Every structure is written in C-alpha cells, then in structure tokens.
Amino acid sequence: SNENQMDVLYEYFHMNFETIAFWVCHCLFPCETSQYPQKLLANAWHLADNRDGLVGGFSGTDDNHRALPLQVKQTNLAKLSGTNGKMVKIILDNPNFQSLEVGEN
C-alpha cells in the first residue's frame, strides 16, 4: 500500500463506529469480546445448588453472611479479623474522598 491509499482509508474509516468495533472485536480482543447467545447469570445460591451438597470457595467479609446459601456456614479466621471494614476505612480516610449530603427529597 502507499501513503495516498492510507490517507483515503483513514479519511473514510477513522470515525466509523462499525469499523472500530470490528477492529476491536475481531483483531485486538477476539476472546474478551465474544458474546453468549443468552445472558449468563449465577450467584452464590446457584453455585451451592448441587445434588451432593458440596460447597466451597466462598469468601468475603462477615457482613454478607445473611446473603449466603443456607447450607454455607461462615467460619471466620482469626488472622483475617482485622480486614473487616478495612476498605471502608481506607476510602473514608482518603483526603480526596468527598461525601455527599443527603437531600431533603
């Protein structure tokens, strides 16, 4: 190709959404942008629903234990007790964090 051809192609396609979408989906990130024919959804209840009753791999802070499936028993490790609320504290201690006032409506 020559420079004139590239200039013409650029002029026609550089702001064309379909061209950009094709390039991103098929050339740059083909695996990451693949789509399923239907929406896939799963939560802890779906993951724990099996005929053997085997459940494992759940993690998080102990404030979400009420949302876990009934067959999941939360066991808190003593060495992780200091992590509860740690992220909230980090955010609130950040001098760049701005809280919004609650409106009257």
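**A quick tour of a four-helix chain**

Okay, let's start with contacts: looking at those in the protein chain with a separation of 6 or more, 10% come from residues 24 or more positions apart. Keep in mind that this is a predicted model.

So what is the chain built from? The protein chain has four helices and zero strands, and if you read along the sequence you get α-α-α-α.

Now, burial. The protein chain has 105 residues, and 5% of them count as buried. As for the surface, the chain exposes about 10,500 Å², with 57% of that supplied by carbon and sulfur atoms.

Let me take you to helix 4, which covers residues 86–93 and includes Ile91. Is Ile91 buried, exposed or something in between? Well, its relative accessible area is 39%, so Ile91 is partly exposed. Ile91 also belongs to a nonpolar patch on the surface, together with Met87, Val88, Ile90, Leu92 and Phe97. Together, the residues of that patch have about 570 Å² of accessible area.

Staying with helix 4, let's talk charges. How many salt bridges turn up in a search of the whole structure? Just one. Asp93 and Lys89 make a salt bridge through their side chains, at 2.6 Å from N to O. And how do they sit along the helix? Asp93 and Lys89 are four residues apart in helix 4, so about one helical turn separates them. Both Asp93 and Lys89 are exposed, by the way.

So if you open the model, have a look at helix 4: you'll find Ile91 there, and also the Asp93 and Lys89 pair. That's it from me, thanks!

Key: Residues are numbered from 1 along each chain as its sequence is written. This is a predicted model: local features need pLDDT of at least 70, side-chain atom pairs count only at pLDDT 80 or more; totals for chains, interfaces and linings use all residues. Side-chain values use heavy atoms; hydrogens and water are left out. Helices (H or I, at least four residues) and strands (E, at least two) are DSSP runs, numbered from the N terminus. Buried means under 20% relative accessible area, exposed over 50%, partly exposed in between (1.4 Å probe, protein chains only). Contact means heavy atoms within 4.5 Å. Accessible areas come from the Shrake-Rupley method with a 1.4 Å probe; for residues, only the protein chains shown count as cover. Patches are made of residues with over 30% relative accessible area and no salt bridge: like charges are joined within 9 Å, nonpolar side chains (Val, Leu, Ile, Met, Phe, Trp, Tyr) within 5 Å. A salt bridge is a side-chain nitrogen of Lys or Arg within 4 Å of a carboxyl oxygen of Asp or Glu.
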